[in-house]
Structure formats: C-alpha cells, structure tokens
Amino acid sequence: QVQLVESGGGLVQAGGSLRLSCAASGRTNSIYDMAWFRQAPGKERGRVATINWSGGTTYYADSVKGRFTISRDNAMNMVYLQMNSLKPEDTAVYYCAAALETNRRDFGSWGQGTQVTVSS
C-alpha cells in the first residue's frame with residue numbers, strides 16, 4: 001500500500017494562489033498514476049488532475065485547465081497542485097490519491113484531505 005499526506009490548504013481570496021503538496025510513502029515504487037480530487041459540500045468527489053508517475057503525462061478537468069498545474073518530484077515522492085486564479089467554486093476538500101501498477105484504473109490509496117476555501 002501507499003500512504004499519502006496532503007498539506008498546503010487554507011483560506012485565500014478569489015484570484016489568489018495556493019500550492020498543495022502530497023507526500024507519498026510505502027510502496028512508492030509501485031505507483032502508476034497520482035491524482036488530485038476534490039469534494040465540495042453536497043457534491044460528489046471529482047477528479048481535478050492526474051499525472052503519470054513515470055512519464056509525467058497529465059490530465060486536467062475542464063474546470064481547472066489553464067489555472068491549475070500538477071507536478072511531481074519522484075526523488076522526493078511528492079506530488080503538487082499549483083492553483084492559480086482561484087475562484088469561490090474551487091472551494092472544497094482536496095484529496096491526493098494513488099493508483100498502483102497492479103490496478104491502474106483504481107485510485108485505491110487516499111490521503112486525509114486538505115481544505116481549500118476561496119472567498120469572494
């Protein structure tokens with residue numbers, strides 16, 4: 001298994017920026033993809049961005065394209081989400097997740113989440 005710990009959330013005004021960090025430990029050599037998800041109150045959890053652990057290929061939800069950037073540091077076992085031009089609708093709990101080589105389609109490892117609040 002992989003253990004994940006997020007940090008970097010907080011309160012920011014609309015138009016501001018935040019950078020989330022996710023530290024991975026455990027079976028990190030078995031990671032296939034890393035992703036950031038978010039869940040706002042009363043809404044389902046949705047994927048925000050994904051990065052392939054080895055090749056670095058990225059995916060972004062349409063709602064964050066051009067504003068958010070996902071990146072990784074394989075040597076440090078870290079994943080980041082740089083969030084710029086934040087909007088009130090970006091307010092949510094943000095979760096880091098990992099999919100392993102043994103089950104590439106399943107984000108089976110999750111962090112505890114970090115709150116991001118964007119004020120208008």
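Buried means under 20% relative accessible area, exposed over 50%, and partly exposed in between, with a 1.4 Å probe and protein chains only. The exercises below use this scale.

The model is predicted: local features need pLDDT of at least 70, side-chain atom pairs count only at pLDDT 80 or more, and totals for chains, interfaces and linings use all residues. Residues are numbered from 1 along each chain as its sequence is written, and side-chain values use heavy atoms, without hydrogens and water.

**Exercise 1. The disulfide**

Find the disulfide, place its two cysteines in the chain, and give its handedness.

Step 1. A disulfide is a pair of cysteine sulfur atoms within 2.5 Å. By this rule the count comes to one disulfide. Cys22 is joined to Cys96, with an S to S distance of 2.1 Å.

Step 2. Cys22 belongs to strand E3 and Cys96 to strand E9, 74 residues apart, and the pair thus links distant parts of the chain. Strands here are DSSP runs of E with at least two residues, numbered from the N terminus.

Step 3. The disulfide is left-handed because the torsion about the S-S bond is about -80 degrees.

Step 4. Cys96 counts as buried, at 0% relative accessibility. Cys22 is buried too, with a relative accessible area of 0%.

**Exercise 2. The open sheet**

Give the strand order of the four-stranded open sheet, and describe how E8 pairs with E3 and with E7.

Step 1. Two strands pair if DSSP finds at least two bridges between them. The order is E1-E3-E8-E7, with antiparallel pairing.

Step 2. Strand E1 (2-7) and strand E7 (68-73) are the edges, each pairing on one side only.

Step 3. Strand E3 (residues 18-26) pairs with strand E8 (residues 78-83) over six bridges in the antiparallel sense. Leu18 has Met83 in E8 as its bridge partner.

Step 4. E7 and E8 run antiparallel and are joined by six bridges. Arg72 has Val79 in E8 as its bridge partner. The hairpin of E7 and E8 has four residues between the strands, and in this hairpin Asn77 takes a positive phi near 55 degrees.

**Exercise 3. The nonpolar cores**

State which residues have the most contacts inside the largest nonpolar core, and which element gives the most to this core.

Step 1. A nonpolar core is a set of buried Ala, Val, Leu, Ile, Met, Phe, Trp, Tyr and Cys residues joined through side-chain atoms within 4.5 Å. The largest has 31 residues, and those with the most contacts inside it are Met34, Trp36, Leu81, Met83 and Tyr94.

Step 2. E9 gives the most to this core, with five residues.

Step 3. A second, separate core of five residues includes Ala35, Ala97, Ala99 and Phe107.

**Exercise 4. The rings around Phe37**

Classify the ring pairs that Phe37 makes with Phe107 and with Trp110.

Step 1. Rings of Phe, Tyr and Trp (its six-membered ring) pair if their centres lie within 6.5 Å; planes under 30 degrees apart count as stacked, over 60 as edge-to-face and the rest as tilted. A search of the whole structure finds three aromatic pairs.

Step 2. Phe37 and Phe107 have ring centres 5.5 Å apart and planes at 75 degrees, so this pair is edge-to-face. Both residues, Phe37 and Phe107, are buried.

Step 3. Phe37 and Trp110 have ring centres 4.7 Å apart and planes at 55 degrees, so this pair is tilted. Trp110 counts as partly exposed, at 31% relative accessibility.

Step 4. Phe37, Tyr95, Phe107 and Trp110 form one aromatic cluster.
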